[in-house]
Amino acid sequence: MALDQSFVGRSYPPTEPYEVGREKIREFAEAVGEANPVYTDPEAAKALGHPDVIAPPTFVFSITFRDAGQVIEDPQLGLDYGRVVHGDQKFAYSRPVRAGDRLTVASTIEGIKSMAGNDILDIRGEVHDEAGEHVVTAWTKLVARAADEGA
């Protein structure tokens, strides 16, 4: 069943702040094979003008996807998460995510369309720091695959 188009433009309340930890950044950098010391060594980061280590660009997905759970789990939307695959991801940064940041995310449904029986959901996550300054906008595309005929 196609998702309700009236959800386009619906916004969800911001999350509680997520405190970005230096160790989480290091673990993420290691997991994705990022060897740049700016992600693990505070002195290397400071040498480039940052107050502490910064996170690799895709680190913020772990924060924004958690908030997108409000959209995914919205019973009125009716998304069958068991059929969902991650279709695309992109980011637009105002500044890097830094250790010590306390970030909130507010999600908005930007688009819903159906193609070949698949539902495609576009979610925009606006990430702000504790001072209310914009840090990054993340766009997530989810595809809910069509149900198998005869299943």
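How many bridges join β2 to β5, and in which sense do the two strands run? The two strands run antiparallel and are joined by 9 bridges. Strands and helices here are DSSP runs numbered from the N terminus, with at least two residues (E) for a strand and at least four (H or I) for a helix, and two strands are taken to pair if DSSP finds at least two bridges between them. The model is predicted, so local features need pLDDT of at least 70 and side-chain atom pairs count only at pLDDT 80 or more, while totals for chains, interfaces and linings use all residues. Residues are numbered from 1 along each chain as its sequence is written, and side-chain values use heavy atoms, with hydrogens and water left out.

Turning to the sheet as a whole, 5 strands form an open arrangement in the order β1-β3-β4-β5-β2, with antiparallel pairing. The edges are taken by β1 and β2 (84-93), each of which has a single partner strand, so one side of each is left without a neighbour in the sheet. At one edge, β1 (residues 18-19) pairs with β3 (residues 102-115) over 2 bridges, and E19 has R102 of β3 as its bridge partner. At the other edge, H86 stands opposite L142 in β5, and V84 faces A144 of that strand.

Between these edges, β3 and β4 run antiparallel and are joined by 11 bridges, with T108 standing opposite R124 in β4. A further 10 bridges join β4 to β5, again in the antiparallel sense, and here V127 stands opposite V136 in β5.

Both connections around β4 repay a visit. The hairpin of β3 and β4 has 2 residues between the strands. A116 lies in this loop, and its phi is near 55°, a positive value in a residue other than glycine. Most residues other than glycine have a negative phi. A116 counts as exposed because its relative accessibility is 78% (exposed means over 50%, buried under 20%, and partly exposed in between, with a 1.4 Å probe and protein chains only). The hairpin of β4 and β5 has 5 residues between the strands, and G132 in its turn has a positive phi of about 85°.

What, then, is buried? In β5, 8 of the 11 residues are buried, so this strand is largely enclosed by the rest of the structure. The buried residues of α3 are I63, T64, D67, A68, G69, V71 and I72, and their cover includes β1, β3, β4 and β5. T15, placed in the segment before β1, counts as buried at 16% relative accessibility. Leaving aside neighbours within four places in sequence, T15 is in contact (heavy atoms within 4.5 Å) with D67, Q70, L103, T104 and V105.

A nonpolar core is a set of buried Ala, Val, Leu, Ile, Met, Phe, Trp, Tyr and Cys residues joined through side-chain atoms within 4.5 Å. The largest one has 21 residues, of which V20, I25, F59, I63, V97, L103 and V127 touch the most other members. At least two residues of this core come from each of α1 (22-31), β3 and β5, and α1 gives the most, with 3 residues. Beyond its neighbours within four places in sequence, I25 is in contact with V20, Y39, V53, I54, A55, P56, F59, R98 and A99. Apart from the largest core lies another, of 15 residues, among them F7, L77, I112 and L142.

Finally, the interior leaves some room. Rolling a probe the size of a water molecule over the atoms shows where empty space is left. A cavity is a set of points, on a 1 Å grid over the protein atoms alone, where a 1.4 Å probe fits but cannot get out, and lining residues have an atom within 4 Å of a point. Grid points are joined across faces, edges and corners, and a volume is the space filled by probe spheres set on the points. By this rule there is 1 cavity of 30 Å³ or more, and the largest cavity holds about 40 Å³ of space. Its lining consists of T64, F65, A68, S107, I123, G125, A138 and T140. Two or more lining residues come from each of α3 (61-72), β4 (118-128) and β5 (134-144), with α3 giving the largest share, 3 residues.

Key. On a 1 Å grid over the protein atoms alone, a cavity is a set of points where a 1.4 Å probe fits but cannot get out, and a pocket is an open set with protein on both sides within 12 Å along at least five of seven lines; lining residues have an atom within 4 Å of a point.
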